[in-house]
Amino acid sequence: MTLILVLLIIFAGVFTQSVAGFGSALVMMPLLTSVIGLAQAAPLVSMLGVLTQIVLMLYFRQEMRFCHICRLIVLALVVIAFGLWFVLCLDGDVSTAVLGFVVFGYAVYALLNLKLPALKRPFYGYVFGFFGGLLAGAFNTPGPPYVSYGDGRQWPPSEFKGNLQPIFFVGAIVVFSGHLMSNNITPTIFGYFLRAIPIWLTALGIGLWLGNKIPAPIFRRLVLVLLVIIGLRLIIA
């Protein structure tokens, strides 16, 4: 039963990422943490994230603008290692609650259609890069700061999706390397990863195919409502 739940969660996360351009970790991490624990969920999501971002970078390659994201990447690289250490120092219940607050806060922010002020100064790239790197290292969920930054920069939808992919890819590589060097990838986790490959391929293919067919606002709102429920469940667990 555990394996079935893990595979279903992976399908939902990868499908979300391939349709919206972001969100796989936000969907997978809270749900997988509740099923197999944070210690196993984090490296598993990291491994899947590397594969997913390779494909999505190729798919959205023409929309990338590296000049707009270089500061985010630099700070993420510096801070991710601290995030990896940070999560190891936290009590399991505390880290789960922190992840719940992150997911819940971002989902409510997005559902309310709150807008950041225009982030024109280069300084903001470093600020959002710092928090994105911290969340990437600790919880494999760098999305909220980066998505918020893209919103504040007012990137058009196509550029928004394109710019996010290399940021997520760099973060995924660094986080995966950290888990590898820390011996966090156990035979059990690797077994989950191998069994998830067919589900991963299916979700990615369907998501990319449907990406331009499902009305993005409707799909995104459904995902955000689900994230609110997930975040609350983790907070009060």
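**Figure 1. Helix 7 in the predicted model: a helix largely enclosed by the rest of the structure.** Helix 7 has eleven residues, and nine of them are buried, so the rest of the structure largely encloses this helix. The buried set includes two prolines, Pro-144 and Pro-145. Two tyrosines, Tyr-146 and Tyr-149, are buried as well. So are the glycines Gly-143, Gly-150 and Gly-152. Val-147 and Ser-148 complete the list. Just after the helix comes Gln-154, whose phi is positive, about 60°.

**Figure 2. Helix 7 against helix 8.** Helix 7 covers residues 143-153, and helix 8 covers residues 157-181. Their axes come within 11 Å and cross at roughly 145°. The crossing is right-handed. By class, six nonpolar, two polar and one charged residues make up the contact. Helix 7 contributes Gly-143, Tyr-146, Val-147, Gly-150 and Asp-151. Facing them in helix 8 are Phe-160, Leu-164, Ile-167 and Phe-168. Of the helix 7 residues in this contact, Gly-143, Tyr-146, Val-147 and Gly-150 also belong to the buried set.

**Figure 3. Ala-76 and its neighbours from elsewhere in the chain.** Ala-76 sits in helix 4, residues 70-89. Its relative accessibility is 4%, so Ala-76 counts as buried; the cut-off is under 20%. Leaving out residues up to four places away in sequence, Ala-76 touches Gly-129, Gly-133 and Tyr-146. Tyr-146 is a buried residue of helix 7, and Tyr-146 also takes part in the contact with helix 8. Val-174 lies 98 residues from Ala-76 along the chain, yet their C-alpha atoms are separated by 9.3 Å.

**Figure 4. The loop between helix 8 and helix 9, with Asn-183.** Asn-183 lies in this loop. Phi of Asn-183 is near 60°, a positive value in a residue other than glycine. At 66% relative accessibility, Asn-183 counts as exposed.

**Figure 5. Helix 3 against helix 9.** Helix 3, residues 38-59, and helix 9 have axes that come within 10 Å and cross at roughly 35°. Helix 3 passes helix 9 in a right-handed crossing. On helix 3, the residues in contact include Leu-44, Leu-48, Leu-51, Val-55 and Tyr-59. On helix 9, they include Phe-190, Phe-193, Ala-196, Trp-200 and Leu-204. By class, the contact has 18 nonpolar, three polar and no charged residues.

**Figure 6. The largest nonpolar core.** This core has 63 residues. The members that touch the most other members are Ile-10, Phe-22, Leu-32, Leu-44, Leu-48 and Leu-227. Helix 9, residues 187-210, gives the most to the core, with nine residues. Ile-10 touches Met-28, Leu-44, Leu-48 and Ala-196, not counting residues up to four places away in sequence. Leu-44, Leu-48 and Ala-196 also appear in the contact of helix 3 with helix 9. In soluble globular proteins, nonpolar side chains tend to be buried together.

**Figure 7. Aromatic pairs.** The count comes to three aromatic pairs, and two are described here. In the pair of Phe-11 and Phe-15, the ring centres are 6.2 Å apart and the planes lie at 5°, so this pair is stacked. Both residues lie in helix 1, residues 2-20. They are four residues apart, about one turn of the helix. Phe-11 is partly exposed, at 29% relative accessibility. Phe-15 is buried, with a relative accessible area of 15%. Tyr-59 and Phe-60 form an edge-to-face pair, 5.0 Å centre to centre with 85° between the planes. Tyr-59 is partly exposed at 44%, whereas Phe-60 is buried at 10%. Tyr-59 is also one of the helix 3 residues that meet helix 9.

**Figure 8. The setting of the close-ups: ten helices and zero strands.** From the N terminus on, the elements run α-α-α-α-α-α-α-α-α-α. The protein has 237 residues, and buried residues make up 51% of them. Among contacts with a separation of 6 or more, 82% are between residues 24 or more positions apart.

Notes. Residues are numbered from 1 along each chain as its sequence is written. This is a predicted model: local features need pLDDT of at least 70, side-chain atom pairs count only at pLDDT 80 or more; totals for chains, interfaces and linings use all residues. Side-chain values use heavy atoms; hydrogens and water are left out. Buried means under 20% relative accessible area, exposed over 50%, partly exposed in between (1.4 Å probe, protein chains only). Contact means heavy atoms within 4.5 Å. Axes are lines fitted to C-alpha atoms, for helices over the stretch in contact, and angles run from 0 to 180 degrees between N-to-C directions. A crossing is left-handed if the near helix is turned anticlockwise from the far one by less than a right angle, and right-handed if clockwise. Ala, Val, Leu, Ile, Met, Phe, Trp, Tyr, Cys and Pro count as nonpolar, Asp, Glu, Lys and Arg as charged, and the others, Gly among them, as polar. Rings of Phe, Tyr and Trp (its six-membered ring) pair if their centres lie within 6.5 Å; planes under 30 degrees apart count as stacked, over 60 as edge-to-face and the rest as tilted. A nonpolar core is a set of buried Ala, Val, Leu, Ile, Met, Phe, Trp, Tyr and Cys residues joined through side-chain atoms within 4.5 Å.
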